[in-house]
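The exercises below concern strands and how they pair. Look through the sequence and the structure before reading each solution.

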Amino acid sequence: MKRRDFIEMTALSATGALLLRNTARAQDHVAPAAASTSASAAKPALPPTAAHGAIARIFPGGQPAVITPNGSTLPWRTVGDVKVGHLIAMPIAHTFTPGLDADCWGYNGGTPGPTIEAVEGDRIRIYVTNRLPEATTVHWHGVLLPNGMDGVAGLTQKPIAPGETFKYEFTFTRPGTYMYHPHFDEMTQMALGMVGMIVVHPKSPRGPRVDRDFVLMTHEWKLRVGMHRPDPSAMLDFNVLTFNSKAYPGTAPLVVGHRERVRIRIGNLSAMDHHPIHLHGHYFHVTATDGGEIPVAGQWPETTVLVPVGSTRTVELSADALGDWPMHCHMTHHVMTQMGHELPVMLGADARRINQRVRPLVPGYMNMGQNGMGDMGDMKMPIPDNSQPMRGSPGPFSSIDMGGMFTVLKVRQDPEREGSGWYAHPQGTVADRADPQQLAADGIDPDAKQ
Ligand SMILES: [Cu+2]
């Protein structure tokens, strides 16, 4: 076994000891529906940030400005008829979720870089300053532009050397959702976080006006347990999966009003994985890709949209259902953070003899997973510094045993006021322990043989 696997397994194995002691605990603690509000008051660890505030409708046709949860929008200064912006490629200190920090590369102090937001027909001039230890470029992925502005080192321009500032200038001729990233040492620079989104609003919008417009960049990282530098040579076992470079519970929720029309623009600049992004409680239509708008006759309803590497998918929905609705990648290994993936199958095994034999070598060793892994998030186990090997974070009823590429669509009557808390379910609308009298009346015997 490689040393790092051993470290990861030891961290996970520490959980096992507690798993054995606590298997009965989860069944004993189910918060009643009416208590959900007070339960949330007692639990301080809400997903960070509340509502996104009132939206300035500053684009043609009353289109709302886009919201980049956990991110920002590139500021412009207008010089003559040109919008001028400045991207600085630079090393950054980044937090994926509290307790998991990394030394990344990004733009203007963050990953993803600021969302570039403009209107069809805008002439833009973007200066790119390189503060990285190696050369870079910026490629405007999906944007139609003159060949020499395409940002491909060697082919369409010289690399931007460390310390240099290059100028890109072109016109956004087409509305849509695009991305930007380097086209020099792509493997390293994108693996370390150099990604960003571009939104170009149409001059004359068609279709129903949306009330909220979000961008989410999906990404994947390899951050070995206890280390701070993402591994740019990783090809398979990515262990930090993110929306806008945040892993749950670090992801800010999408807070929307009841029956609002919501647009979500999802990009994917992961190294190797496509992400099927699933939304609970609603259906949506895929209205556009980075290739352009999909005619209404070509759209169909979905609850999961596959976002391939190097693509954007724009979905629109009517937020008709009040509640806290998960939105997440449906690959189960993409909603965990730093979980080991090369573990033996322990489900149903009696591990007592293994524990006895390994303990002289590793004090405190206990195997994990004999009863499943769903309780891992509740364990108070020692973990290595700067790591999140377990899934799980406090929820209003119990631990939420997902992390990684997971966020919450919060649909509220008054999103600005209610958006920061957990949903208060109306009495009688939460699944709970069955009432014996009703079981009997319905003819259900829990002890029946199949
Ligand atoms: Cu995924």
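**Exercises on strand pairing**

**Exercise 1.** This is a predicted model. Name the strands joined by seven bridges, and give their direction.

*Solution.* Start with strand β10, which covers residues 212–221. Its seven bridges lead to β13, and the two strands run parallel. For one pair of partners, take Asp213: its bridge partner in β13 is Arg263.

**Exercise 2.** Find how β13 pairs with strand β19.

*Solution.* Locate β19 at residues 311–318. Eight bridges connect β13 with β19, in the antiparallel sense. Among the partners, Ile264 is matched with Val315 in β19.

**Exercise 3.** Why is strand β13 largely enclosed?

*Solution.* Take the eight residues of β13, numbered 261–268. A residue is buried if 20 or more other C-beta atoms lie within 10 Å of its own. Seven of the eight residues are buried, so β13 is largely enclosed by the rest of the structure.

**Exercise 4.** Give the strand order of the open sheet of four strands, and then explain what is left without a neighbour at its edges.

*Solution.* The order is β4-β9-β8-β6, and the pairing is mixed. At the edges stand β4 (116–119) and β6 (139–141); each has a single partner strand, so one side of each lacks a neighbour in the sheet. From one strand to the next, the twist averages 25°.

**Exercise 5.** In what sense do strands β8 and β9 pair, and over how many bridges?

*Solution.* Strand β8 spans residues 176–181 and strand β9 spans residues 196–201. They pair in the antiparallel sense over five bridges. One of the partnerships joins Met179 to Met197 in β9.

Note on methods:
Residues numbered from 1 in each chain as written. Predicted model: local features only at pLDDT ≥ 70, side-chain atom pairs only at ≥ 80, totals over all residues. Pairing = 2+ DSSP bridges. Axes fitted to C-alpha atoms, helices over the stretch in contact; angles between N-to-C directions. Buried ≥ 20, exposed ≤ 12 C-beta atoms within 10 Å, placed from the backbone.
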